Amino acid sequence: MSNSLRNRYARPVVTTSIPTRLAAGGRRRTEQRVLVAEALATAKRALSAQELYERIRVNHPTIGRATVYRALEQQVEDGMASRFERDGHVSAYIACDAEHHHHLVCTNCQRVDDVAEDVVAPMLTAVGRRLDFSVDHAALDFYGLRARCRRKRR
């Protein structure tokens, strides 16, 4: 993939602090919510709630599984995270920037890359014209294999 194409949908840097983003969602900032948000933000791939719970529990053995699940769902509601479906109907989560975007999800390694709105906009315009439909918003997730994972499978 060329650098110019990669830059069009590279994961943006989250510039606002996690406590600030939690507060902006109207939620009370608790140590557990910050802990879950930080653990998800540092993950390099989509994680299930169970995987995130196990990761956090190594250093914070008193955190409850239900706390992690609730914190993740609150992050999704507040736009801080996105939920994806894995095989077997298992939800996986990835931290997101507040700006709207779309995703490329590798079904092998669970890496998630953002796709900028300008990449998807021509398709949405075509849908609007062809079907005489006014699109208010769209959330698109593309599932497949990254080049690296395709090469590994050969």
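The following exercises, each with a worked solution, concern the strands, salt bridges and one loop residue of a predicted model.

Residues are numbered from 1 along each chain as its sequence is written, and side-chain values use heavy atoms, with hydrogens and water left out. Local features need pLDDT of at least 70 and side-chain atom pairs count only at pLDDT 80 or more, whereas totals for chains, interfaces and linings use all residues.

**Exercise 1. The sheet**

Task: Determine the order of the strands in the open sheet of 3 strands, and state which strands stand at its edges.

Solution.

Step 1. Recall the terms. Strands (E, at least two residues) and helices (H or I, at least four residues) are DSSP runs, numbered from the N terminus. Two strands pair if DSSP finds at least two bridges between them. Such pairing is made through backbone hydrogen bonds and is either parallel or antiparallel.

Step 2. Read the order. The open sheet runs E5-E4-E6, and its pairing is mixed.

Step 3. Identify the edges. Strand E5 (112-115) and E6 each have a single partner strand, so one side of each is left without a neighbour in the sheet. Direction ignored, neighbouring strands of this sheet are turned by 20 degrees against each other on average; the axes behind this angle are lines fitted to C-alpha atoms.

**Exercise 2. The hairpin of E4 and E5**

Task: Describe how E4 and E5 pair, and state which way the side chains of E5 point.

Solution.

Step 1. Strand E4 (residues 102-106) pairs with E5 in the antiparallel sense, over 4 bridges.

Step 2. Locate partners across the pair. Leucine 104 has aspartate 113 in E5 as its bridge partner, and histidine 102 stands opposite valine 115 in E5.

Step 3. Examine the turn. The two strands form a hairpin with 5 residues between them, and glutamine 110 in the turn has a positive phi of about 70 degrees.

Step 4. Assign the faces. In a regular strand the side chains alternate between the two faces of the sheet. In E5, Val112 and Asp114 point one way, while Asp113 and Val115 point the other way. All four are buried, a term that means under 20% relative accessible area, with exposed over 50% and partly exposed in between (1.4 Å probe, protein chains only).

**Exercise 3. Salt bridges**

Task: State how many salt bridges there are, and describe the partners of glutamate 51, arginine 83 and aspartate 113.

Solution.

Step 1. Apply the rule: a side-chain nitrogen of Lys or Arg lies within 4 Å of a carboxyl oxygen of Asp or Glu. The count comes to 4.

Step 2. Glutamate 51 pairs with arginine 86, the closest N and O atoms being 2.9 Å apart. Glutamate 51 lies in helix H4 (residues 49-57) and arginine 86 in strand E2 (residues 81-86), 35 residues apart. Arg45, Glu51 and Arg86 are linked in a network of salt bridges. Arginine 86 counts as buried because its relative accessibility is 17%.

Step 3. Arginine 83 pairs with glutamate 73 at 2.4 Å between the closest N and O atoms. Arginine 83 is in strand E2 and glutamate 73 in helix H5 (residues 65-77), so the pair ties together parts 10 residues apart in sequence.

Step 4. Aspartate 113 meets arginine 111 at 3.0 Å, N to O. Aspartate 113 is buried, at 12% relative accessibility, whereas arginine 111 is partly exposed, at 33%.

**Exercise 4. A loop residue**

Task: Locate valine 135 and classify its exposure.

Solution.

Step 1. Valine 135 is in the loop between helix H6 (117-131) and strand E6 (141-144).

Step 2. Valine 135 is partly exposed because its relative accessible area is 29%.

Methods: Axes fitted to C-alpha atoms, helices over the stretch in contact; angles between N-to-C directions.
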